[in-house]
Amino acid sequence: GDAQDGFLDSAVFIQAGSVHAAPIITLAPATATNPAGATHTVTATVMNGTAPAAGVTVTFNVNSGPNVGTTGTGITNATGQATFTYSDTGGAGTDAIHASFVDGTGVTIQSNEVSTIWQAVAVFSITLSPATATNSVGGSHTVTATVMQGTTPLPGVTVTFNVISGPNSGTTGTGITNATGQATFTYSDTGGSGTDQIQASFVGADEHTHESNVVTKTWTPTSVAAMTISKSANANAVSPGTNVTYSYVVKNVGSVDITNPTVTDNKCSPVTFVSDSDNDGPAVLDLNETMTFSCSAILTSTTTNTATVTGQGVEGQPVAQTSLPVTVLVTPPTQAVGGEILGIDATSLFVVGAFANAFWILPVIAAIGAALAALTTGIIRRK
Ligand SMILES: [Ca+2]
């Protein structure tokens, strides 16, 4: 309504729920043309004579065409208007659309019929090049996207470029295609060495996002990151249940500092930092520096294990080295009891530790008491 006749507007709202003053519904636009696959919006206007009818539920139907059967509802606003938007999922063709509402007396009031033409469009495409490239770290790289519709280059299209993985992941930019449908994107390597994956995309007139192929850019380090690792045990052969300590000596033998040197052992954890030759802590393994690490494990059987040191060179290049294997023999205990133990879980006894001195078994058995006298039948002489 307008500002001058608020009294009449009130009357309109009272009438809205039971439209009875020659209600009509009109649908617009009468015709439209859209690319196939896009969306289309129509607007219904419900009037009571010259007054807009608010709060009326309008039903929209696509009665024929590629999207026949598509339906929806809307409620008219203060100006008597309700809108309906749908996507073309049926491809090219012409849809006929109606709107209707049920008035206060139960009569369905139909609108005029409107139509929209979904035009088949040549396939949009975007290609990115070069497919691969390699340069030293810290340089810059340019990729070119070409946007086409069918065989026709598309100028004036905004292309979005994204580094989707790699050391520069998250770097992004945009460009606008020129007369030949090409847009370029240049970025600098700030992430160090590694391989970036780059992709470009644009939103076509069909309102869909079209993505390019994925291209790569490899940034190679100009420095050499290298380490050695040697591993040793504090014993070559032990009895079951012995606590064995492994030592690991790591050395920087490359041309750059290595950050966060970390040692893991495939059969011992945790491996802990012990000392470093320049006494500034475990964070950086400087040129020619050595670091010592340690790990302890209780061995119950002969064990062969290796250790691996990992770290990162100053240009982001990962570095890893694995030691030679180390074997500690775990030998059977001497027969201090003079017999085998049967009928009980011998394993649980062995892992308790200190089995090299096995005399403790005798007082343990004595303590079991008469109630378990039958256990003695489980102790037999070795034949
Ligand atoms: Ca250091």
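This is a chat about a predicted model of a protein with a calcium ion.

Trainee: What does the secondary structure of the protein come to?
Mentor: Three helices and 33 strands. Keep in mind that the model is predicted.

Trainee: And how much of the protein is buried?
Mentor: Buried residues make up 37% of the 383 residues. The protein exposes about 19400 Å², with carbon and sulfur atoms supplying 57% of that.

Trainee: What share of the contacts with a separation of 6 or more comes from residues 24 or more positions apart?
Mentor: That share is 63%.

Trainee: OK, cores. How many residues are in the largest nonpolar core, and which have the most contacts inside it?
Mentor: The largest nonpolar core has 26 residues, and Tyr246, Tyr248, Val250 and Val263 have the most contacts inside it. The elements giving two or more residues to this core are β21 (227-233), β23 (242-252), β24 (258-265), β27 (290-299), β29 (307-313) and β31 (326-330).

Trainee: Which of those strands gives the most?
Mentor: β27, with five residues.

Trainee: Say I click on valine 250. What is it in contact with, leaving aside neighbours within four places in sequence?
Mentor: Met227, Thr228, Ile229, Val263, Leu285, Glu289, Thr290, Met291, Phe293 and Val309. Glu289 is worth remembering, since that residue is also a protein donor of the calcium ion.

Trainee: Then let's do the calcium ion. Which residues are its protein donors?
Mentor: Asp278 and Asp280 each appear twice through OD atoms, Val284 gives its O, Asp286 gives an OD, and Glu289 appears twice through OE atoms. The donors lie 2.2 to 3.1 Å from the ion.

Trainee: How are the donor residues spaced in sequence?
Mentor: The spacing is D-x1-D-x3-V-x1-D-x2-E.

Trainee: Are the aspartates at 278 and 280 buried, partly exposed or exposed?
Mentor: Aspartate 278 is partly exposed, at 32% relative accessible area. Aspartate 280 is partly exposed too, at 48%.

Trainee: What about asparagine 279, what is phi there?
Mentor: Phi is near 55°, a positive value in a residue other than glycine. Asparagine 279 is in the loop between β25 and β26 (284-285), and is exposed at 66% relative accessible area.

Trainee: And asparagine 288, where is that and what is its phi?
Mentor: Asparagine 288 is in the loop between β26 and β27, with phi near 65°, again a positive value in a residue other than glycine. Asparagine 288 is exposed, with a relative accessible area of 57%.

Trainee: Switching to rings. How many aromatic pairs does the structure hold?
Mentor: Eight. One of them is phenylalanine 84 with tyrosine 86: the ring centres are 5.5 Å apart and the planes sit at 15°, so the pair is stacked.

Trainee: Are those two buried or exposed?
Mentor: Phenylalanine 84 counts as buried at 7% relative accessibility, and tyrosine 86 is buried at 4%. Together with Phe60 and Trp118, they form one aromatic cluster. Tyr86 also belongs to a second, separate core of 21 residues, which includes Val42, Ala53 and Val56 as well.

Trainee: Why is the pair of phenylalanine 273 and phenylalanine 293 called edge-to-face?
Mentor: Their planes are at 75°, so the pair counts as edge-to-face, with ring centres 5.8 Å apart. Phenylalanine 273 is in strand β25 (residues 272-276) and phenylalanine 293 is in strand β27, so the pair links parts of the chain 20 residues apart. Phenylalanine 273 is partly exposed at 31%, while phenylalanine 293 is buried at 4%.

Trainee: Which peptide bonds to prolines are cis?
Mentor: One runs from serine 129 to proline 130, with omega near 0°. Proline 130 is in the loop between β11 (124-129) and β12 (132-136). Another joins serine 269 and proline 270, with omega about -5°, and proline 270 lies in the loop between β24 and β25.

Trainee: Last one, serine 193. Where is it found, and is it buried or exposed?
Mentor: Serine 193 is in the loop between β17 (182-188) and β18 (194-203), and is buried at 11% relative accessible area. A polar atom of its side chain lies 3.1 Å from the backbone nitrogen of glutamine 317. Leaving out residues up to four places away in sequence, serine 193 touches several others, including Val137, Pro167, Trp219 and Glu315.

Note on methods: Residues numbered from 1 in each chain as written. Predicted model: local features only at pLDDT ≥ 70, side-chain atom pairs only at ≥ 80, totals over all residues. Heavy atoms only, no water. Core = buried A, V, L, I, M, F, W, Y, C linked by side-chain atoms within 4.5 Å. Buried < 20%, exposed > 50% of the residue type's maximum accessible area, 1.4 Å probe, protein only. Helix = DSSP H or I, 4+ residues; strand = E, 2+ residues; numbered from the N terminus. Contact = heavy atoms within 4.5 Å. Donors = N, O, S within 2.8 Å, 3.2 Å for Na, K, Ca; no water. Areas by Shrake-Rupley, 256 points an atom, 1.4 Å probe, with all protein chains shown as cover. Polar contact = N/O pair within 3.5 Å; in protein donor to acceptor, adjacent residues only side chain to side chain. Phe/Tyr/Trp six-rings, centres within 6.5 Å; stacked < 30°, edge-to-face > 60°.
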